[in-house]
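Morning, everyone. I have one structure to show you today. Take a look at the screen, and then we'll go through it.

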Amino acid sequence: MTAAHGIRPLSDTVHVSATLDKASAENFPVAPVFLPRAWRDGLTAVYGYARLVDDIGDGDLAPGGRDAVLLGLDPAATDDRLAMLDALEADLRRVFGGTDGPPRHPLLLALQPVVRAHGLTPEPFLGLIEANRQDQRVKRYETYGDLVGYCELSANPVGRLVLSLTGTSTPERIRRSDAVCTALQIVEHIQDVAEDLGNDRIYLPAEDMRRFHVSEADLAAPSAGASVRALVAFETERARELLNEGTPLVGSVHGRLRLLLAGFVGGGRAALRAVTAAGFDVLPGPPKPTKSGLLREVAAVLRTAPRKG
């Protein structure tokens with residue numbers, strides 16, 4: 001039988017596995033083994049989708065053009081990121097009942113039963129696509145508000161999907177989750193200043209760069225001078241305040257979900273502690289927390305997060 005009859009070629013299975021294997025390199029556990037199987041399956045499917053969107057937007061797809069073919073495009077279209085994102089959006093529409101058949105990409109085909117089982121809506125998935133479209137058009141952010149608006153597309157949908165997958169979504173939890181996710185995105189931007197600049201992107205707000213007298217040339221240096229360190233310290237404190245604002249989310253849930261969310265918050269705090277320990281010099285490369293440091297932060301979140309019903 002062929003893929004058209006419901007069985008995917010072995011090459012596609014390997015291709016999908018290569019995408020999902022990237023989870024091991026993430027700052028935070030994607031679907032830890034202590035979660036119920038249904039949650040892990042759902043989180044893995046959502047991660048596969050989000051990873052595919054980011055790989056398209058960052059130009060990090062596997063060579064050979066297989067993803068383009070799976071989305072109905074010529075292999076050469078792999079390098080046309082906006083065309084690939086448009087094709088991905090069309091395939092996402094098929095996940096939610098499009099009229100031209102089932103999803104074509106195996107990662108979206110795997111997402112479809114999760115969407116149906118949990119009654120997920122298209123909006124968070126579309127937000128991730130739009131964030132990557134924005135990455136193709138916008139390389140600099142003038143204000144902190146502009147950056148937060150980007151995070152609303154690039155990060156907050158993930159937290160909302162976690163709440164939906166676990167059946168714990170409420171307006172208050174969404175608000176706290178958004179704070180955590182925006183903070184985690186800003187943490188990543190802080191860590192990756194040098195890498196982002198190499199891709200002609202700067203996520204440090206221009207108004208803050210001017211305030212601290214930091215030029216783009218300063219960000220290209222091998223190590224940070226005093227002005228860059230002061231700027232990074234300022235953004236680090238902003239991210240810490242956002243994490244603190246979102247931390248009550250951990251205390252509002254119970255059991256294994258509480259542990260998962262504490263992992264997210266603790267991971268963010270550990271990353272910020274690593275940035276601080278590096279003297280706010282992120283230019284040689286992203287400061288990373290140690291495993292023991294991460295575990296200490298998670299334990300601290302579990303111990304101190306206020307419990308609510």
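How many helices and how many strands are there in the chain? The chain has 16 helices and zero strands. Keep in mind that this is a predicted model.

Now the chain overall. It has 309 residues, and 50% of them are buried. About 14,100 Å² is exposed, and carbon and sulfur atoms supply 56% of that area. Next, contacts. Take those between residues at least 6 apart in sequence: 69% of them join residues at least 24 apart.

On to a pocket. This is the second largest one, with a volume of about 250 Å³. It is lined by 17 residues, and the closest to its centre are Thr121, Glu123, Pro124, Arg160 and Leu161. Which helix gives the most to this lining? That is H8, with five residues. H8 covers 156-165. Helices H6 (123-137), H7 (144-154) and H9 (171-191) also supply at least two residues each. What is the lining made of, by class? Six residues are nonpolar, seven are polar and four are charged.

Last topic: cysteines. How many disulfides does the count give? Zero. Look at Cys151. Its nearest cysteine sulfur belongs to Cys181, 9.8 Å away. A disulfide needs the two sulfur atoms within 2.5 Å, so this pair does not qualify. Are these two cysteines buried or exposed? Cys151 has a relative accessible area of 0%, so it is buried. Cys181 is at 12%, and the cut-off for buried is under 20%, so Cys181 counts as buried too.

That's my tour. Over to you.

Definitions and conventions. Residues numbered from 1 in each chain as written. Predicted model: local features only at pLDDT ≥ 70, side-chain atom pairs only at ≥ 80, totals over all residues. Heavy atoms only, no water. 1 Å grid on protein atoms, 1.4 Å probe; cavity = no way out; pocket = protein on both sides within 12 Å on 5 of 7 lines; lining within 4 Å. Points joined across faces, edges and corners; volume = space filled by probe spheres on them. Helix = DSSP H or I, 4+ residues; strand = E, 2+ residues; numbered from the N terminus. Nonpolar A, V, L, I, M, F, W, Y, C, P; charged D, E, K, R; others polar. Buried < 20%, exposed > 50% of the residue type's maximum accessible area, 1.4 Å probe, protein only. Contact = heavy atoms within 4.5 Å. Areas by Shrake-Rupley, 256 points an atom, 1.4 Å probe, with all protein chains shown as cover.
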